[in-house]
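I opened this notebook to look up side-chain contacts between charged groups and between rings. The entries follow the order in which I checked them.

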Amino acid sequence: MGQSIFDRVAVVGMGCTRFGEHFDQSADDLMVEATFAACADAGITPGQADAYWLGTLGSGHSGLTLAGPLKLQYKPVTRVENYCATGTEAFRAACYAVAAGAYDVAVAVGVEKMKDSGLSGLDVSFLPADGAGPDPTTPAAFSFLAPAYFMKYGLDPELGKRVLARIAWKNHRNGALNPLAQYRKEVPLDAIVQSPIVAAPLGIMDCSGVADGCAAIVVVRSEEAYRFRADPVFVKSLAVAAGPGTGGMQPGFDFTSITEAVVAARVAYAQAGINDPRRQLSMAEVHDCFTPTELILMEDLGFSERGRAWQDVLDGVFDLDGELPVNPDGGLKSFGHPIGASGIRMLYEAYLQLRGQAGPRQIDGARVALTHNLGGLPWHCVCAVCIVGKEPGPV
Amino acid sequence: MAGITAFGAYIPMHRLERKHAGGSGERAVAGHDEDSVTMAAAAALDCLGGPDAPRRPDLLYFASTTAPYQEKQAAATVAGALDLPDSVRSADYAGSLRAGAAAMLAALDAVTAGTARTALVTVADRRLGAPGGRNEAHFGDGAAAFLFGCAEVLAEVRASHSVTADFVGSWRSAGDLFVSNWEERFSTGEGYAPLIKAAVQGALARAGLTPLDCTRLVLYAPHPRYHANLARELGFSPEQLQDTLYGQVGSPGAAHAPLMLAAALESAAPGERILFAAYGEGADAIVFEVTDPIRRFRPQTGVSEHLARRRVISYPQYLRWRNLVPAEPHRRPALPRPSQPAAWRNRRKNLGLCGVRCMCCGTPQFPPQRVCVHCQARDQFTDYRFAGRTGRITTFTADHLAASVAPPTLIAAVDFDGGGRMIMDLTDCEVGSLSIGGEVEMTFRCLFEAGGLKVYFWKARPRV
């Protein structure tokens, strides 16, 4: 597996735009805003960084997408893409580059301009294909999880629907406290339950929004971090798992667990020396693209026992003031999901929380944070898990 | 002696009540994902006895006035759905309500001449009448299929007679969407009645029979009222007259008389003589004599069971399915034109629902893989067809966001009896009737059309 990334890299600066319908801003505008903010936060100019990785699903091809608007002078700039884990993938590349000693200062930028298409949901371009096969929209693919989970654990559909709504309710409640969120309003539970159906049983309020946004992060080797700032954040784990897609082709997969998430978490916990995530983590930012995704992730990431996440959700375990706050910034639910930006936006919340900068959302004594991304379909996806900590040393 | 060795039918489950047009009864309506090709394939499967049945024709004719393409053979698509070998001879018969009968006679000629051992004729129609008009109410959608051969014949052909006349009673020009008719008294009095009469009398004379020697008359009719009159004029009694299915199906164009023949054969006993007459720019009449092997044959589903599976749809739904009303565009990306190189590479997968089975671990899988989903062995596969297999729903959803003329799009994970899983579209059902564990079967459908090209594939539908 190679040497662990544990404590070898630190985050010394971050920037994040407000997420939302930026009809007055292009992807270029968003990248300039977030990248300059991150560099300023690290006390450098964009020209002082050695290398860049840009994560975007569809807002541009190649590193030129970033080099142009920032006027980077012949720097190594690479665009990466890994579906909804794209932002985390850019961060991962930047971390490995400085850990390897190839560069001293690397920047990862995640951006997506979603709102210029005028379409609902995602628009991903593929190689020309024969079209023979189902083409579920993303909410439909993720809604598969709900009836399977309800059935397996004996939740009647009405109770199941309330459990899902409780997740959206919690995330909106957190988002209401976040000035960068797309939606800054609490939403009553009943309004969530009764929202118009998008992909049965999921209503529109079970789905994350569609937003534009950009976030950027500056990383250096840990031993140099204090030269940049007094309160860097240390990288404990970086894990990615890409699935073989057999869940859609073999009856064993039962749609109540996302194997890629289980594997990525296992790898990340091993790197960080975590054996009891619910106790050892201070917070988690997870990929709540749809409410059943968050429900199932609570079990896949080891926060709840199998079949118990629904009860933990109802008991408020993952609320901001709960035992393990999940999506304290409001999650994809409040931020929307500009694909390339989301992973770094999650790290931004961890960066604020671990440094005591999260304002009304501040989690007391936050020391260790997990971020999780999921790209693809529940039966065929890529999952990324990062763990970052306030101090160097064992978690 | 040559004749029919197997038969089948297909009637879509959707019904439009004629109330909206001031009529009585109902007509069958092809689903939004069905056309003459998918219905022909369904009838052919009904006739052949499912995808794994030993009955494999070496000649295939498709007949319809509503083939999906002006240029591009439909029979080749049906052959793909049946997974027939490349060596099958094929042709489309088109352009006339008599296309089905013409294909049947041609198939008979081929098996009689010995140029084909067995010949499959599949005839289907999905005609459009102008909205609110008589044709729309009278027409129906459906299909029939007949296998012809010289061995194990269950209805021998005793004689046939054809007449040709350039009589224009109904027509549809190249650019027309809807069928037009000349005034009815002329069409029936000068065309339908005398031309059928000539063909029927010619066939009886050739067979050396009289109407009294026949047990049934399978007579095409543009409307039941002409049906009974003409039968009487021909010397047949009402008891001999095969039901037109007008009250349940309507008139499925070129497939009308063939569908009635399939219904007649379903309840026919050895020794019965059936006089079959089809009409369109002339007429074809064929005298069949039912033989003993009919006792041993059953179509997979058959007309009577198809009629029992029934769901009424609304008139607005019908208009939407046929794209006859403007509708709000979907806020989803436009569907890309299907890549024909990809479709060609994947033809057995797409049309025949052919997957593979790993020779190392035995796992069936779809679509075909290079590396086994279970044991990761490379390139160790044999063919494995999923068409004709049943499965169970593991989980499902109703996708309201997906672009469709019949939202929501129902999608399920289907676990097949015998192994393998597919995420696939569901059809012919509503979300309220679905449950985890529910049993489904495979049905050949048209998924969408983009850039003038249609994409045919398989969907799952609940088993009755």
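The entries below cover salt bridges, then aromatic pairs, then charges over rings.

Entry 1, salt bridges overall. I noted that the model is predicted. I searched the whole structure and got 56 salt bridges over all chains.

Entry 2, a pair within a helix. I looked up E89(A) and found it in a salt bridge with R92(A), with 2.3 Å between the closest N and O atoms. I placed both residues in helix α3 (residues 86-99) of chain A, three residues apart, about one turn of the helix. I checked exposure and recorded E89(A) and R92(A) as buried.

Entry 3, D231(A). I found D231(A) in a salt bridge with R229(A), the closest N and O atoms lying 2.7 Å apart. R229(A) has a relative accessible area of 13%, so I put it down as buried, the cut-off being under 20%. I entered D231(A) as partly exposed, at 28% relative accessibility.

Entry 4, D300(A). I recorded a salt bridge between the side chains of D300(A) and R306(A), at 2.7 Å from N to O. Buried or partly exposed: which applies to R306(A)? I read 41% relative accessibility for R306(A), and therefore entered it as partly exposed. I entered D300(A) as buried, at 5%.

Entry 5, a network in chain B. I traced a network of salt bridges that links D33(B), E34(B), R309(B), D428(B), E439(B), E441(B), R445(B), K459(B), R461(B) and R463(B).

Entry 6, aromatic pairs. I searched the whole structure again and got 25 aromatic pairs over all chains. I looked at Y315(B) and Y318(B), which form a stacked pair, 6.0 Å centre to centre with 15 degrees between the planes. I found the two tyrosines about one helical turn apart, because they are three residues apart in helix α9 (residues 315-321) of chain B. I noted both Y315(B) and Y318(B) as buried.

Entry 7, a tilted pair. I read 6.2 Å between the ring centres of F366(B) and F457(B) and 40 degrees between their planes, so I entered the pair as tilted. F366(B) is in the loop between β16 (364-365) and β17 (381-385) of chain B and F457(B) is in strand β22 (residues 453-462), so the pair ties together parts 91 residues apart in sequence. I recorded F366(B) as buried at 6% relative accessibility, and F457(B) as buried at 3%. I also found F366(B) and F457(B) in one aromatic cluster with Y384(B), F386(B) and F416(B).

Entry 8, charges over rings. I found R345(A) over the face of F335(A), 4.8 Å from the ring centre. In chain B, I found R18(B) over the face of Y246(B), 4.0 Å from the ring centre.

Key. Residues are numbered from 1 along each chain as its sequence is written. Chains are lettered from A and ligands numbered from 1 in the order in which they are written. This is a predicted model: local features need pLDDT of at least 70, side-chain atom pairs count only at pLDDT 80 or more; totals for chains, interfaces and linings use all residues. Side-chain values use heavy atoms; hydrogens and water are left out. Helices (H or I, at least four residues) and strands (E, at least two) are DSSP runs, numbered from the N terminus. Buried means under 20% relative accessible area, exposed over 50%, partly exposed in between (1.4 Å probe, protein chains only). Rings of Phe, Tyr and Trp (its six-membered ring) pair if their centres lie within 6.5 Å; planes under 30 degrees apart count as stacked, over 60 as edge-to-face and the rest as tilted. A charge sits over a ring if NZ of Lys or CZ of Arg is within 6 Å of the ring centre and within 35 degrees of the ring normal.
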